[in-house]
Amino acid sequence: MDHSSLAGRIFRGIALAMVLVFFMFPIVWILLMSFQTNEQILRIPPRILFEPTLANYEALISGQLRTAAGNLQISFMRNLMNSFLLSSASVILALLLGVPAAYAFARFKFRLGETIAFTLLSFRFAPPLLVLLPLSLYYQQLGLNDTYFGIVWVYQLIALPLILWIVRGYFEDISPDIEHAYRLAGHSWREAFTRIAVPLAGPGIAAAGLLSFIFCWNNFVFALILASADKQPVTVGALAFVTASGIQYGQIAAAIVLSVTPTLLLALYAQRYLVEGLSLGAVKG
Amino acid sequence: MARLELKAVDKCFGAVSCAKGVSLTVEPGEIVAVFGPSGSGKTVLLRMIAGMFEPDDGDILVGGRSIVDAPPEQRGIGMAFQNFALFPHMSARDNIASGLRATGASDIAAKVTAMSRLLKIEHVLGHRPRELSNGQKQRTALARALIGNPEVLLLDDPLRNVDAKLRYEMRLELPSLLRRSSAAALYVTQDYREAMAIADRIAVLINGRLVQVARPEEIYARPASVAVARLFGDPSINLSEVSPVADQGRLTAAIAGTEIMLDRNERETSTRQRCWLGVRPDDVVVTRQNSGGAIPARVVAITPMHERAVLLLRFADGSEWLAAMAPEALEAGADEEVFVQFAPEAALLFDHASGERIGLPPRRQAA
Amino acid sequence: MGMLEIRNVDKVYHTRGKPPVHAVRALDMDIRSGEIVALLGSSGCGKTSTLRMIAGFESVSSGSIALAQRPIHELPPAKRRVAMAFEGYSLYPPLTVRENIAFALKAQQLSRSEIAQRVDNIARLVEIEDILDSHPRALSGGQQQRVSLARALVRDADLYLLDEPMGQLEPQLRAVLRGRIKGLLAERGMTAIFVTHDQTEASALADRIAVMEDGVLQQFANERELKNRPANLFVASFIGEPPMNLLETTVRRAEAGFRLTAGSGMAFDIPSQTLAPAAQQALAQADRIKVGIRPQRIAIGSGEARLRVVSNQWLGDQSHVAGECAGHLLVAVTSSRVAARPGDVVPCALDAKNLHLFGTDGLCIRHAEAR
């Protein structure tokens with residue numbers, strides 16, 4: 001259908017622009033801030049034109065934070081590394097556990113199957129603060145406090161349900177007959193899973209992995225309570241910029257830019273891959 | 001080569017019974033069509049043989065050996081699916097070769113080439129399924145099912161999703177193709193013409209029960225019940241409720257108030273209370289003049305079909321019959337008053353309560 | 001005077017980033033009052049776009065449509081006085097079958113008894129009396145389709161549009177319902193257009209059939225005309241079950257006409273007097289032309305040609321015999337039973353007067369003699 005009257009097109013353009021401004025403005029503003037000194041940022045009225053400085057980035061990368069109250073050591077790059085380690089490890093573990101589980105939920109009807117699947121999803125409903133106190137007590141008892149393994153484990157609460165539910169949907173979209181055909185051709189169910197189901201659900205698995213990576217990356221509270229300084233991810237590490245002598249807006253902005261960039265690049269790269277290749281050879285319906 | 005035997009197979013899904021005591025033998029090299037209305041359990045039956053469902057009771061044997069406990073990959077079965085079920089991420093060549101690879105066969109490339117030549121898909125072997133037309137997909141799926149020389153071939157309505165012209169072509173090609181492999185072949189279809197064209201024998205499945213297993217012409221001429229008679233024939237058989245009366249050695253019945261002579265059946269000594277009388281539209285003769293004993297009717301509409309003229313006739317009591325004839329033989333036009341007759345031996349009688357056919361009137365044999 | 005006049009209608013779909021799709025090209029059709037017309041073609045041929053343009057769900061890109069002398073192509077669907085049955089049934093789920101059918105009648109301000117009467121009549125016609133109080137979701141596909149048909153046919157409209165009206169119907173009911181609907185339309189003098197991809201349905205219901213392909217109307221004629229006098233190769237091979245046998249032949253001049261050779265031992269002599277002057281000219285210029293013969297026109301059991309049987313299938317009312325003849329696969333259909341088995345050689349008659357000749361441009365240059 002073509003609703004292409006001139007007024008309609010103009011209205012649509014304006015509406016799109018408004019939405020774009022609403023969502024993009026904070027990001028652009030942060031980017032601009034990251035190239036300004038604290039004084040420039042706090043100027044009233046703010047100016048669009050300024051002399052850019054790389055001081056904020058230098059400070060982050062070198063780990064030397066100069067404030068009015070004196071020099072401060074920060075470990076931002078280490079935090080970034082931690083974020084990366086924790087998120088990747090969590091996603092890999094969640095994929096190893098979640099993809100076979102998703103397959104089982106998609107293909108087999110077993111007693112309590114729906115209940116178990118829903119229980120796993122319901123972990124996402126509970127506010128993390130609710131479980132934090134008991135969790136940290138358990139972790140102290142178990143000696144998991146302040147270990148990478150402990151954090152990766154608790155991140156499964158975030159990643160596993162997501163992967164399970166997204167990938168399950170993709171498995172359900174694959175006609176079981178395709179796997180049946182492969183088995184009748186003389187292959188075991190294990191081969192049917194690895195050679196047929198997993199490759200065909202590939203885009204879905206990638207999407208679920210990417211999403212859970214981003215969610216893990218953005219997590220704050222679990223790491224805040226369960227990790228000490230040297231295991232902290234960037235989200236917690238950013239607190240270091242709230243210093244005794246004030247808040248270092250410039251560095252915060254630069255830190256945000258640095259921590260957003262990897263996930264953004266990942267998403268942009270994967271987007272192309274996600275869109276491609278969902279069309280199956282089978283006739284639908 | 002091995003024969004396929006089903007022995008009293010039962011299968012329920014919850015309260016729904018899909019197979020009730022199904023027993024059937026398919027000889028090697030034989031094609032048996034499993035035919036029935038949708039939801040009659042045809043596909044479930046095939047899937048039990050393929051190993052996707054387990055029968056609740058009964059046994060399935062290939063070459064005298066029970067396969068019920070074997071996983072699908074060890075049953076020696078080739079199967080073609082209604083939705084083709086090709087592997088979307090593999091080329092047509094790899095799709096066809098997938099079965100040979102698993103068994104470590106030699107000469108895979110030569111075998112794939114030979115099979116694809118037989119099915120006329122050599123030129124698309126390098127294509128992925130989504131680049132194939134429906135006809136090519138279906139041929140690829142058939143090649144994949146046939147290539148391993150399976151002992152049992154299962155074909156689950158393989159022509160359902162291809163267009164009419166291709167379906168017709170395949171209908172001519174399939175029997176010889178299947179016979180080459182000398183497998184015991186079960187062919188599921190919802191189209192009675194396809195079943196008659198392709199199969200050596202037809203197994204009619206209604207509500208999970210095999211109602212009749214016989215050669216196509218036998219089923220068409222002597223259906224076991226009203227339900228079977230209604231399934232075979234397009235347009236389908238005319239049915240009227242009658243109470244035949246035996247009088248002075250003659251059997252007569254009233255249709256829409258007109259006394260009609262029926263074939264006297266020796267095996268039928270007493271007259272039944274109520275029966276269904278069935279006459280195939282091809283056996284109905286429509287004339288403009290009443291030559292005696294004909295039923296008056298009005299032509300409601302003429303609907304040409306399969307190179308024949310099909311007349312919808314309405315009797316005085318409001319009941320309707322169809323008549324089919326060559327367009328040249330058509331005498332009457334729409335909305336005309338006509339007279340309807342049929343040869344006594346063309347009428348089939350069915351018990352009203354059970355639906356089973358009464359006696360065996362010798363049906364006129366076509367030349 | 002035509003009831004529906006379609007004048008030079010085009011439909012072009014524009015999708016951003018893709019080349020425009022020309023779904024219907026320069027369509028010209030005149031439909032008479034009381035006529036039943038089928039739009040027949042394979043998927044993507046433009047038949048559904050045409051129906052939707054008449055109904056008003058699609059705009060025309062250019063051209064005009066007039067119904068009962070009223071230009072309607074710029075009116076909203078509700079003002080066109082057309083009734084439509086949709087392929088996807090589109091029944092209102094919260095209403096019962098009875099309410100669904102009566103829905104449009106209520107808008108017509110008919111009395112309650114009149115509505116009840118009409119609903120009962122149409123329900124009897126399509127055999128849904130016993131499900132009138134059910135809700136659509138409780139019905140099978142075939143029942144839903146019958147309700148959808150009833151809802152369209154019960155209304156008063158200038159034109160009835162039916163999209164694949166019988167595709168889902170139970171096979172045993174199809175033949176009878178076709179007859180009844182055709183009878184109803186004729187009795188009330190209703191004008192109807194229906195879309196179908198099934199030529200059996202088209203020939204059964206329609207007075208005239210519009211064969212479409214690639215957005216172009218190929219031929220618009222009654223069923224016999226389409227079978228006996230196909231306009232071109234497409235119509236010839238598309239219409240008819242089983243499809244027409246087509247043979248490639250080489251053309252040679254012979255005394256008093258032309259000789260068409262289709263292979264060793266298969267040649268046809270076409271006398272010049274059976275050809276129109278234009279056809280003679282076309283044949284004189286061509287090296288190779290296609291000839292077609294309907295399976296029903298090949299006689300089995302007598303004749304000069306020899307057919308090596310590949311398959312012989314008896315369908316209860318007709319035999320389909322496929323076999324090789326001079327290197328061609330031919331299909332013959334007879335209403336009597338043929339005793340041949342695969343591998344047998346049977347005589348068959350391929351009579352030159354039963355041949356359709358197609359020029360190199362695909363247009364038919366001579367039709368088979370009508371029977």
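Two residues are taken to be in contact if their C-beta atoms, placed from the backbone, lie within 7 Å. With that cut-off in hand, a good place to enter this predicted model is A33(B). Setting aside neighbours within four places in sequence, A33(B) touches Y187(B) and T189(B), and also A195(B), I198(B), A199(B), I202(B) and A203(B).

A33(B) also belongs to a wider picture. The largest nonpolar core comprises 266 residues, and I163(A), A33(B) and Y187(B) are those with the most contacts inside it. The greatest contribution to this core comes from helix α7 of chain A (residues 148-173), which supplies 13 residues. Another core, of 14 residues, lies apart from it and includes M33(A), L60(A), L80(A) and A254(A).

Turning to chain B as a whole, its secondary structure amounts to eight helices and 21 strands. The chain is divided into domain 1, covering 4-227, and domain 2, covering 238-351. Between the C-alpha centres of these two domains of chain B the distance is 39 Å. The C-alpha trace of chain B extends over about 75 × 45 × 40 Å along its principal axes. Of the 367 residues in chain B, 49% are buried. Among contacts in chain B with a separation of 6 or more, 65% join residues 24 or more positions apart.

Chain B also meets chain C, in a contact that draws 35 residues from chain B and 34 residues from chain C. On the chain B side, the elements giving two or more residues are the helices α5 (164-181), α6 (192-198) and α7 (216-221), together with the strands β17 (295-305), β18 (308-315) and β19 (320-325). By residue class, this side of chain B holds 20 nonpolar, five polar and ten charged residues.

Within chain C, an open sheet of four strands runs in the order β17-β16-β15-β18, with antiparallel pairing. Strands β17 (328-334) and β18 (345-349) of chain C occupy the edges; each has a single partner strand, so one side of each is left without a neighbour in the sheet. From one strand to the next, the twist averages 50°. Further in, strand β15 (residues 299-314) of chain C pairs with strand β16 (residues 319-325) of chain C in the antiparallel sense, over six bridges. At the level of single residues, S311(C) has A322(C) as its bridge partner in β16(C).

Note on methods
Residues numbered from 1 in each chain as written. Chains lettered and ligands numbered in written order. Predicted model: local features only at pLDDT ≥ 70, side-chain atom pairs only at ≥ 80, totals over all residues. Domains from an automatic or database assignment. Core = buried A, V, L, I, M, F, W, Y, C linked by C-beta atoms within 7 Å. Buried ≥ 20, exposed ≤ 12 C-beta atoms within 10 Å, placed from the backbone. Nonpolar A, V, L, I, M, F, W, Y, C, P; charged D, E, K, R; others polar. Pairing = 2+ DSSP bridges. Axes fitted to C-alpha atoms, helices over the stretch in contact; angles between N-to-C directions.
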